[in-house]
Amino acid sequence: MRLVTLCTCQWADLELNELCKLAKEMGYDGVELACWGNNVDIDKAINDEKYVEYILKTLKKHKLECKALATHIIGQCVGDAPDPRLNNFAPSELTDKPEAIREWAIATMKKAALVANKLGVKIITGFTGSPIWKYLYSFPQTTAEMIEDGFDKIVRLWTPILDEFKKYDVKFALEVHPGEIAFDYYTTEKLLKKFENRPEFGLNFDPSHLLWQGITPHIFLNDFADRVYHVHMKDVSVNLDGRSGILGSHIEFGDLKRGWNFRSLGHGQVNFEEIIRVLNAKGYDGPLSVEWEDSGMDRIMGATEAAEFVKKVDFKPSEIKFDDAISN
């Protein structure tokens, strides 16, 4: 069976040893470690071999595997247009210095490839950012050239990073997500073509970001399966009650007035059986990483239940045809 891992992006407040102890107690086989907060410090891992040894020993002590590093907030700073919200992601000394934030992000993403190599990790998940997300609704009028320029800028910014990934035999898995240059089916298709399908650039499949947009997750997965390097297990519930809309109304996550909310696994509307069947058909044997985001539920209770849910919903493909037993 596939490893069930915990994406620690929402648990970066915990120190690594405490986090790993808790993840094991909640039923996880491994972790997808966030490279911020109190989980993994990229600069420290670059400069201090004892720190790298500490990470590896801590994982071993708690009998956990690490198959991916998460760099979402760092990668966001690479490709976004100047945005004061990025101050929350970058070092405090770079506050309100958008070009310095971008330079820091590019340098840090390059370092992440070396850190992954030191830890024996082959996949780095994350975001790219988007210089054109503000053009989502094409008014004032948005030209085709403006969109092309945005995609081309992402390719220019990320190509040196991907070259570094190639050097260390590490792959980047973009989480297709609103706010990114690739946020749905056709923008994903366009971006992969822009990168000329270079093998270092692939996808982190997360069904929750697709369903509320009206995209059928397992169809997306089937069509892009050869580029899916990592899988997030996350649920979402869409509740358009006649007042709410899919754009969220600037209402915080978890508020019941929203038209959709992330939910703990099994409490939303994602059809995980169809996802597992596609993964089996396409031969995906990587981890199933729980990204737990449910503002309406206690996170330890929810993440514990989520680990059990994934182990229950995952199943092996058949090794024989069901009717072989009746053939001559």
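1. Two strands are taken to pair if DSSP finds at least two bridges between them, and helices (H or I, at least four residues) and strands (E, at least two) are DSSP runs, numbered from the N terminus. The structure is a predicted model, in which local features need pLDDT of at least 70 and side-chain atom pairs count only at pLDDT 80 or more, while totals for chains, interfaces and linings use all residues. Residues are numbered from 1 along each chain as its sequence is written, and side-chain values use heavy atoms, with hydrogens and water left out.

2. On the barrel: eight strands close into it in the order 1-2-3-4-5-6-7-10, and their pairing is parallel. Neighbouring strands of this sheet are turned by 30 degrees against each other on average, direction ignored, where the axes are lines fitted to C-alpha atoms (for helices over the stretch in contact) and angles run from 0 to 180 degrees between N-to-C directions.

3. On strands 4, 5 and 6: strand 4 (residues 123-126) runs parallel to strand 5 (residues 171-175) and is joined to it by four bridges, with isoleucine 123 standing opposite lysine 171 of strand 5. Strand 5 is in turn joined to strand 6 by four bridges, again in parallel, and leucine 174 has leucine 203 of strand 6 as its bridge partner. Five of the five residues of strand 6 are buried, so this strand is largely enclosed by the rest of the structure; buried means under 20% relative accessible area, exposed means over 50%, and partly exposed lies in between (1.4 Å probe, protein chains only).

4. On the geometry of helix 6: this helix (residues 144-167) has 24 residues and spans 35 Å from its first C-alpha to its last, close to the expected 34 Å, the expected span being 1.5 Å times one less than the number of residues. Helix 6 nevertheless bends by about 40 degrees at tryptophan 158, with proline 160 following within four residues; the bend at a residue is the angle between axes fitted to the seven residues ending there and the seven starting there. After the helix comes aspartate 169, whose phi is positive, near 55 degrees.

5. On the packing of helix 6: its buried residues are Gly150, Phe151, Ile154, Val155, Leu157, Trp158, Ile161, Leu162 and Phe165. An α-helix has 3.6 residues a turn, so residues three or four places apart point the same way. The buried residues of helix 6 pack against helix 4 (72-79), helix 5 (98-119), strand 4, strand 5, helix 7 (185-194) and strand 6 (201-205), where contact means heavy atoms within 4.5 Å.

6. On the cysteines: with a disulfide defined as a pair of cysteine sulfur atoms within 2.5 Å, the count comes to zero. Cysteine 9 is in no disulfide, although the nearest cysteine sulfur, that of cysteine 7, is 3.4 Å away. The sulfur of cysteine 35 is 8.3 Å from the closest cysteine sulfur, in cysteine 66, which is too far for a bond. Both residues are nonetheless buried, cysteine 9 with a relative accessible area of 13% and cysteine 35 with one of 5%.

7. On aspartate 80: this residue is found in the loop between helix 4 and helix 5, and is buried, with a relative accessible area of 9%. Leaving aside neighbours within four places in sequence, aspartate 80 is in contact with Leu86, Arg102, Thr128, Gly129, Ser130, Pro131 and Gly179. Aspartate 80 also lies 9.0 Å from isoleucine 181, C-alpha to C-alpha, although the two are 101 residues apart in sequence.

8. On backbone features that a colleague may wish to inspect: the peptide bond from phenylalanine 139 to proline 140 is cis, with omega near -5 degrees, and proline 140 lies in the loop between strand 4 and helix 6. Aspartate 96, which is not a glycine, has a positive phi of about 65 degrees; its place is in the loop between helix 4 and helix 5, and at 60% relative accessibility it counts as exposed. Glutamate 196 likewise has a positive phi, near 55 degrees, lies in the loop between helix 7 and strand 6, and counts as exposed at 70% relative accessibility.

9. On lysine 44: this residue belongs to helix 2 (residues 42-47) and counts as partly exposed, at 41% relative accessibility. Lysine 44 and aspartate 149 are 105 residues apart in sequence and 36 Å apart in space, C-alpha to C-alpha.
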